[in-house]
Protein chains: 2
Amino acid sequence: MSDASTESTIQSTVPESTAPTPAVPAWPDGAAHPLTDTELERLHRWWRAANYLSVGQIYLKDNPLLRRPLTREDVKPRLLGHWGTTPGLTFLYAHANRAIAQRGLNAMFVTGPGHGGPGLVAASYLEGTYSDIYPNVSRDERGLKRLFTQFSFPGGIPSHVAPETPGSIHEGGELGYALSHAYGAMFDNPDQIAFTVVGDGEAETGPLATSWHSNKFINARTDGVVLPILHLNGYKIANPTVLARIGDDELGALMRGYGHDPLFFTGGFDGEDPAAVHRRFAELLDTALDRIAAIKRDAAAAAERGEEFERPAWPMIVFRTPKGWTGPASIDGKQTEGSWRSHQVPLANARDTDEHLADLDRWLRSYRPEELFDEAGAPAPDLAEAAPEGTLRMSANPITNGGVVLRSLRLPDFRDFAVDVPEPGATISEPTRVLGEWLRGVVENNPENFRIFGPDETASNRLQAVYDVTAKQWNADFEEHDRSENLARAGRVVEMLSEHQCEGWLEGYLLTGRHGMMNSYEAFIHIIDSMVNQHAKWLKVTNEIEWRRPIASLNYLLSSHVWRQDHNGFSHQDPGFIDHMVNKKAEIVRVYLPPDANTLLSTYDHVLRSRQYVNVVVAGKQPNPNWLSMEEAVTHCTRGLGIWDWAGTEVEGEDPDVVLACAGDIPTIETLAAAQILREEIPSLKVRVVNVVDLMRLQDETEHPHGLSERAFDGIFGSDIPVVFAYHGYPWLIHRLAYRHDRHSRIHVRGYKEEGTTTTPFDMLMRNDTDRFHLVMDVIDQVDSLGSRWAPLRQRMEDERIRARAYAYEHGEDLPEIASWQWGDGGDEPDQRSATLATGGDNEG
Amino acid sequence: MSDASTESTIQSTVPESTAPTPAVPAWPDGAAHPLTDTELERLHRWWRAANYLSVGQIYLKDNPLLRRPLTREDVKPRLLGHWGTTPGLTFLYAHANRAIAQRGLNAMFVTGPGHGGPGLVAASYLEGTYSDIYPNVSRDERGLKRLFTQFSFPGGIPSHVAPETPGSIHEGGELGYALSHAYGAMFDNPDQIAFTVVGDGEAETGPLATSWHSNKFINARTDGVVLPILHLNGYKIANPTVLARIGDDELGALMRGYGHDPLFFTGGFDGEDPAAVHRRFAELLDTALDRIAAIKRDAAAAAERGEEFERPAWPMIVFRTPKGWTGPASIDGKQTEGSWRSHQVPLANARDTDEHLADLDRWLRSYRPEELFDEAGAPAPDLAEAAPEGTLRMSANPITNGGVVLRSLRLPDFRDFAVDVPEPGATISEPTRVLGEWLRGVVENNPENFRIFGPDETASNRLQAVYDVTAKQWNADFEEHDRSENLARAGRVVEMLSEHQCEGWLEGYLLTGRHGMMNSYEAFIHIIDSMVNQHAKWLKVTNEIEWRRPIASLNYLLSSHVWRQDHNGFSHQDPGFIDHMVNKKAEIVRVYLPPDANTLLSTYDHVLRSRQYVNVVVAGKQPNPNWLSMEEAVTHCTRGLGIWDWAGTEVEGEDPDVVLACAGDIPTIETLAAAQILREEIPSLKVRVVNVVDLMRLQDETEHPHGLSERAFDGIFGSDIPVVFAYHGYPWLIHRLAYRHDRHSRIHVRGYKEEGTTTTPFDMLMRNDTDRFHLVMDVIDQVDSLGSRWAPLRQRMEDERIRARAYAYEHGEDLPEIASWQWGDGGDEPDQRSATLATGGDNEG
């Protein structure tokens, strides 16, 4: 099928190496040395301070330094947040800081257990970043009070590692994406390391379970490093975790099976002396970082010698510490430290009794705040020394505020890739193949900051021109023939059969200031419904945060779409991702349905330039008539929708009798075919044809920034005439979007209504009443002036449908006149123009 | 928090063992013996026949036995389907059959690579099942022709292992769920085994990657066995697979890490003699099945002795064979067998040239069909002998047509669990806690065919009364205190922190004729959007298949919902799952929003009795006023929506001025509060209060079986008066559902509009304009007769909002009069009635 037809281009043109041209920086690895006593003391003090600040955030609204006796009035009336994972996070952060300071590592921190938010806020406060960007939360007692009060408080900050938290690219509320975000962030950042904490609850999710395999894709020389730290604190809300209960043998085998070199650490149990814990962990972390440095050195040396570097077993750490570590050992006689009872707010009743208040007081004072803050309430000077400085602070790493490091793409002029359209429908193209030619240029011009992600379909979606200039990045084992099939150790395309993984990588890549796109089946993009929710929420919130700079949009290309699933049928048909996205904030979401090649080019140029959006682009890959020249396409896409006067039968200066509207490539074909039937059969009928590229234009201007005013809408769709609308997806969405404009229920929408099974392309349209004949019948039904006079035509349309169905059932393909239908009265090249619906199935999945 | 408050009941009441009372049947394990020469010959002939029938389905529409020379006209015009995985599937099926016949195993076959559909259709045809249920596809040449033609043909059958395929519970089109479906099917089927083929493409998905851990949950004695077979054929559409390229050491470690005992098999490469391959695989499969039999024996013996049985390392098989095995070695000089080129239709151009037609002819004849079918065209008699008989045929296992073995639940009378409601709002209950009491009875009465699945929240959702009579099933390691925390080796509740896993288990459990429910966060149920799509499609198609009997509905309880995310904030707020489901076929989907405890009881009784639906029930767990007595609740739920005359100020016989409508527990409270304000402030205004439990009632009768006629709708909502509707979710859904009824755009909907961050409960409502004050403002704006006369009241409402916001920002909790608001003029027990919004956060996640 599509693969076979393009093999010739594949065979010879793949470059052996597609590494970015600039030199890869040397791995930063300063003079590491074992923990000294001074460092130990400072590190432990830093940890105590971070824990104190975390507990303070959860419980206190006043008396932040406990300089007077704790009273009930000091305690927040509603105690919200999560303590359990927090002390482990602050411990790891403290140790990462020591390593960064010693080695000069360029590092970020990805917090899988995002509800350990107070710990990360505390860390950035201690590093000074917090007060830098939020001057109100100053480094004094007043600022501390504000720091505590604002946490999980109306008008304050959320309890998770939210966009408000400096240094974060990962909220962590919905579990499962820590590793894919981290690896996405590390692509093309060869001098960076992401300390990535994976909660053992999170580790049970599907997306996380497969994301360990990211190490088969990362390139040791041209990408950065992820150091996964599996935080095995043993409990979820109400259950033990699976990975904490399979024994170290199985867990070790699992991690080795995932391609890692696991280092096990257990500490903090049975009253172990903190100093001993720190010494042991510092040593273990040094071992991990030394191994990483050795891998980076070896990879660089291999490159020097012009040799390939085999995938190494990257270190990872299994970090087993008590849940709620350093918290109350027991409350009301029930074990709390080391139990699920620490998960959330262990002293939820702190204000209820004197005893509970005293428990809280004891807990807070156990960190000895009086030793950690100066007279004014600022962190003691030596605490700053425990942390790195400037942009080496993980909370101030520029890539974690991606917009800061974002550079615009160098885009080839898409007009140069236009297909020739001497008249509407006169030529045929495969739109995504045309797009692929332009994307080749995008890849070529941007060898370090643009990537294409997808489960397995970049070639199947006919974007394979990109393989002229790059490859699929792959660092699992190679076989000889792989080189000729576009696999290489570095490349701009990354494919793994997990939509979760691709989405997570892309999100991490974008959040750290790069550009990218994802291509996938339309039906199965629902797999990441929940992930893109979180990304859309992140964008929405960052729009409201002054210091967060805009990042590149998240761009989808959904090419194997609902109407072309001949190979796969009903299970592969679902156009509802658009509906899902439309529920998100209007300022974030854009949906485009370009009807042909030139409009697709124009659309994709636009989305790759845009910022802070989720752009959903649905476009076919099958041969499709070209409707608009590039000049017309640019105008049409800029307007977002428009009247195709060449397709209608309007009389200038007179109102049309009916509007035939369409959105989507296949519905556009059917609408034009219906228009053609009407032109021939009822020449007196004044038909207006409207095509919609930018779905958001259908909304009211008060609903969406792209929305039309009532006047503008009525200008295009008339104010009281019937509109027969052929839509790509579930019909209701059009009603929903145009709701405020449709005061007389005059819009009649056809679209997909969950009828599929095994059909030919046209039979599929008929099953869903979205075929040309049905559209003509709709017009006869809806235009009052036609009435019963046109009943014979209506019946002929029904007959045509019956005949088309019968033919498909007998022959397994559509009627020749339907399969080879073409617009207008025939051009010079009928053969070239007859491929519209006749081609084979769309998908190879 | 909620956990702490219920510990007392947990401690002592957990039964040590909660195994089903009936005796567990002995594991069937007849006299297994090595493959004899006769068996080998027969088995190989069966495999050849199955492969021949598979290739025939993909390519031929006539000349099914090649009794005349193959012509182009015999070949289908459009070649659709997938060959690559098929011969591996038929090989495994053939060997499973030998084992079943020898040992008397009670087995089913789960086909992860569902697009190998032709192979499974071929197998069931050879077993006779196919012709039993589709008499038209008879066991003769005519039937064969039909078998071939119908495949992936309009009016025929899909290319996947679809509902149309006997023996299937798993379509396999959307990849990732083979193991979770198989384990779900095996719960409580202790004498069954599921041969479960996992494709190596599928193995890259997140859901599949975590589903290996299912073995930590299955009980060796009381549940059946899953034998996973990882089909390592090496390629996806256009890429090698990850697991085929990590070496056997890592792959073995991975499988051992997942808790399995892996057996490696490589066969069929380099022209290996099929007889040798069969002998080696038969031996390996015998090893696996012997180990399984030993585990089952040991588990039974341990139970006899009253001892616990530790989780064993269950066998699994790594099955490495060429992709497109037995297909053309090469086509047009390009490697095909053993390459991704075999994935779909390797000879897609079979009709194009004589050479290609000859390739196809050679391929088909390589199976020597003349030896495999008798004169009439029926499979040769010895082929039947290669397969088991009757219900031992995997294609005829009754559990794979779940409705056949489905028994109705023995439900306790929910009326006995009613809460007392002397007058509306006079008492307070936590609805899900009340439901839990009834569910305890459901669990108790149905110890073998009802399970509760959920990621980690059954207790947090306050269903913990069920732990009085059962436990959470857990077969990973135990620690001493676990027993007192509801973990046991067998139990009716199954929790793992993966929505995918829980959904897959539940689907597998339902599809094999049992009952169940899933409880989860409302926001994160989007994680399984795509899975439930497939289940809904399965139900839709089975409704149209005569021999498929109805199965129990898939029931959700979404309790940690959008309005109560005080602990977690914005990332945990998304009510869009309802919108997602409403796109599925109306005949499948039901959505319920019971506003209080008694309506929740009535609703859940209804959904547990229902068949073939996906029931989405959203209900709170926080203390909530009880509005309806049980008698009223039953009436209200039966009607699905209704006028609450006690809440309005209508005058009998007169039209109301405005309708206040509501759906969802929190919107109901706000609506009643608004009604109360209006009653006091504008006593002359005739207000009607309508509550909606069954959301589908809002649709038109032509849209949904539960929909109202226009007349009925107008009866309840008036025909031309304003409706102010407070809705639980995204407001647009109400517009969408009521679209056909809302001819004058008179419905004004309030609901969630993606505004969250950190708030108190009432501030959260205000941010989304769904609070009582805003509803009153809406009424003033919408009722023409009120006009500017009531501007002062409108302004007072605005003032109230500003005051409420300011109070929340200062104190971190809501105004006392809001937090303790109660309906009516105060009852006898104000303390009991003041808990509505004052409680802490909803979720512990």
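**Exercise 1. Find how helices α4(A) and α11(A) are oriented to each other, and which residues join them.**

Solution. The helices α4(A) and α11(A) are oblique to each other, and this follows from their crossing angle. In this predicted model, the axes of α4 (residues 86-103) and α11 (residues 274-304) of chain A cross at roughly 55° and come within 10 Å. Angles under 35 degrees would count as roughly parallel, and 65 to 115 as roughly perpendicular. The crossing of α4(A) and α11(A) is right-handed.

Next, list the residues. From α4(A) the contact takes A:Phe91, A:Leu92, A:His95, A:Ala96, A:Arg98, A:Ala99 and A:Arg103. From α11(A) it takes A:Val277, A:His278, A:Phe281, A:Ala282, A:Leu285, A:Asp286, A:Leu289 and A:Asp290. Sorted by class, the contact of α4(A) with α11(A) holds nine nonpolar, two polar and four charged residues.

**Exercise 2. Describe the packing of helix α3 and helix α5 of chain A.**

Solution. Begin with the geometry. Helix α3 (residues 37-59) and helix α5 (residues 117-126) of chain A have axes 8 Å apart and pack at an angle of about 125°. That angle makes α3(A) oblique to α5(A). Their crossing is right-handed.

Then take the contact itself. On the α3(A) side it includes A:Trp46, A:Ala49 and A:Leu53, and on the α5(A) side it includes A:Pro118, A:Val121 and A:Tyr125. The contact of α3(A) with α5(A) divides into eleven nonpolar, three polar and no charged residues.

**Exercise 3. Describe the contact between chain A and chain B, from its extent down to a single salt bridge.**

Solution. Start with the extent: 136 residues of chain A are in contact with 136 residues of chain B. About 11500 Å² is buried between the two chains, and carbon and sulfur atoms give 53% of this area. In chain A, the residues that lose the most area to chain B are A:Arg245, A:Trp732 and A:Tyr739, together 8% of what that side buries.

Now turn to charges. There are 18 salt bridges between chain A and chain B. One residue named above, A:Arg245, forms a salt bridge with B:Asp482, and the closest N and O atoms are 2.6 Å apart.

**Exercise 4. Work out how helix α10 of chain A meets helix α10 of chain B.**

Solution. Helix α10 covers residues 247-257 in chain A and residues 247-257 in chain B. The two axes are 7 Å apart and the packing angle is about 140°. It follows that α10(A) is oblique to α10(B). Only angles over 145 degrees count as roughly antiparallel. The crossing of α10(A) with α10(B) is left-handed.

For the residues, A:Glu250, A:Ala253, A:Leu254, A:Arg256 and A:Gly257 meet B:Glu250, B:Ala253, B:Leu254, B:Arg256 and B:Gly257. By class, the contact of α10(A) with α10(B) has four nonpolar, two polar and four charged residues.

**Exercise 5. State how A:Asp359 and A:Arg362 are placed in helix α12 of chain A, and how their side chains meet.**

Solution. First, the position: A:Asp359 and A:Arg362 lie in helix α12 (residues 354-365) of chain A. Because these residues are three apart in the helix, about one helical turn separates them. Second, the contact: their side chains meet in a salt bridge, at 2.5 Å from N to O. A search of the whole structure finds 120 salt bridges over all chains.

Definitions and conventions:
Residues are numbered from 1 along each chain as its sequence is written. Chains are lettered from A and ligands numbered from 1 in the order in which they are written. This is a predicted model: local features need pLDDT of at least 70, side-chain atom pairs count only at pLDDT 80 or more; totals for chains, interfaces and linings use all residues. Side-chain values use heavy atoms; hydrogens and water are left out. Axes are lines fitted to C-alpha atoms, for helices over the stretch in contact, and angles run from 0 to 180 degrees between N-to-C directions. Helices (H or I, at least four residues) and strands (E, at least two) are DSSP runs, numbered from the N terminus. A crossing is left-handed if the near helix is turned anticlockwise from the far one by less than a right angle, and right-handed if clockwise. Contact means heavy atoms within 4.5 Å. Ala, Val, Leu, Ile, Met, Phe, Trp, Tyr, Cys and Pro count as nonpolar, Asp, Glu, Lys and Arg as charged, and the others, Gly among them, as polar. Buried area is the accessible area (1.4 Å probe) that two parts lose on being put together, summed over both. A salt bridge is a side-chain nitrogen of Lys or Arg within 4 Å of a carboxyl oxygen of Asp or Glu.
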